[in-house]
Amino acid sequence: MISVGITGTGKYLPEKVVTNEDIVNMGLDTSTEWIEERTGIKERRVAEENISSSDMAFEAAEDALKDAGLDSEDIDLLIVSTTTPDYQVFPSTACLLQDRLGLRNVGAFDLSAACTGFSYALTTGAQFVKSGDMKNVLVVSVDCLSRFVDWTDRSICILFGDGAGAVVLSEVDKDYGILLSELYSQGDAADLLMVPAGGSRRMMSMDILEQKENLVRMDGRAVFKMAVNSFVPSVLNAVKKAGLSLDDINYFVPHQANLRIIDLAAQKLKLDKNKVLINIQKYGNTSSASIPIIMAEAKREGLFKDGDIIVMAGFGAGFTWAVNILRWGGINV
Ligand code: ACO
């Protein structure tokens, strides 16, 4: 059986910083203290008007290829996880990216699982390497949710930021790499977090634009509970199933949605604070990009050591959630 690991990481964050103070100055009935206390977010990045998801994805992808020491011709498959594609219907953002990266004779497709997109794409991409059919798969996760939030709704616009993260998946030494992946979905909770209109169920109209039904709607409290109650037990199960204990975890990398969700999860999992990777204060919730962005930052900081056990946990709209357990290193095949 071929072992598959992350052999390169990359990220891109737009230059424009929107601080909590900037949001207060937009005239919203909120305060910098409220936002920081309830979410942990101090600032987020917002893509300039001329920057789209594929532009951010391109920068993150190039960064990951460089980190892996690979060229575009080494890539056999491209998966882009996003819920904010450049074009609503087609072409896919993956095809736009394939062209810009100069990837030749490869399949390229978008994958939609909201904030769990990276976990789903990582799991999917890894299967192609594991089967022996492909050598290197590029997974790029990007979201530009600033375009889909109501900037006058204080309960939503404070949460999200834009960005992209990418990883290269390749064969690694035996017993390294992805040890276990578990994917979950629960569609009966779809209405907790949704963009209610603009798709095939209710096509775009003036009425929808006026009612702002083409933008994110969320039951924040219910999402909070659903998130904690779903992914925390799944992490416990996955760790056990992988034949590990919670003490074996060197780093826990949760989706960055709210610092209170992360703290509660860490508390329930009895994890030391220094094992939990957090960057939500700088970027807010970058949806499917949040886990690969933090992985790229941790790798650049030299945090991960050979053999470290890293548990990544995603959750998001759908409702979807997922756990990936990785043994870092073994990149000498
Ligand atoms: N400033 C001041 N007051 C606010 C703000 C704000 N920005 N936003 C909401 N409030 C008010 C509410 O109106 C409410 O007032 P009321 O009591 O008069 O009705 C009060 O604060 C409390 O509201 P809650 O919604 O209960 O506040 P809560 O502490 O739950 O925080 C939040 C809200 C931050 C949205 C929280 O529920 C949350 O983070 N939920 C999870 C959201 C999330 O993770 N979403 C994404 C997950 S999946 C994915 O990533 C796509």
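With 333 residues, a compact globule would be expected to have a radius of gyration near 20 Å, and the chain, at 19 Å, agrees with that; the radius is taken over C-alpha atoms, and the globule rule is 2.2 Å times the number of residues to the power 0.38. This is a predicted model, in which local features need pLDDT of at least 70 and side-chain atom pairs count only at pLDDT 80 or more, while totals for chains, interfaces and linings use all residues. Residues are numbered from 1 along each chain as its sequence is written, and side-chain values use heavy atoms, with hydrogens and water left out.

**Overall build**
- The chain holds 10 helices and 13 strands, which are DSSP runs (helices H or I, at least four residues; strands E, at least two) numbered from the N terminus.
- Of the 333 residues, 55% count as buried, meaning under 20% relative accessible area with a 1.4 Å probe, protein chains only.

**Nonpolar cores**
- The largest nonpolar core has 50 residues, of which Phe231, Val235, Phe252, Val311 and Ile325 touch the most other members; such a core is a set of buried Ala, Val, Leu, Ile, Met, Phe, Trp, Tyr and Cys residues joined through side-chain atoms within 4.5 Å.
- Helix H7 (220–241), helix H8 (259–268), strand S12 (309–316) and strand S13 (320–327) each give two or more residues to this core, and H7 gives the most, with 10 residues.
- A second, separate core of 30 residues includes Tyr120, Val137, Val139 and Met312.
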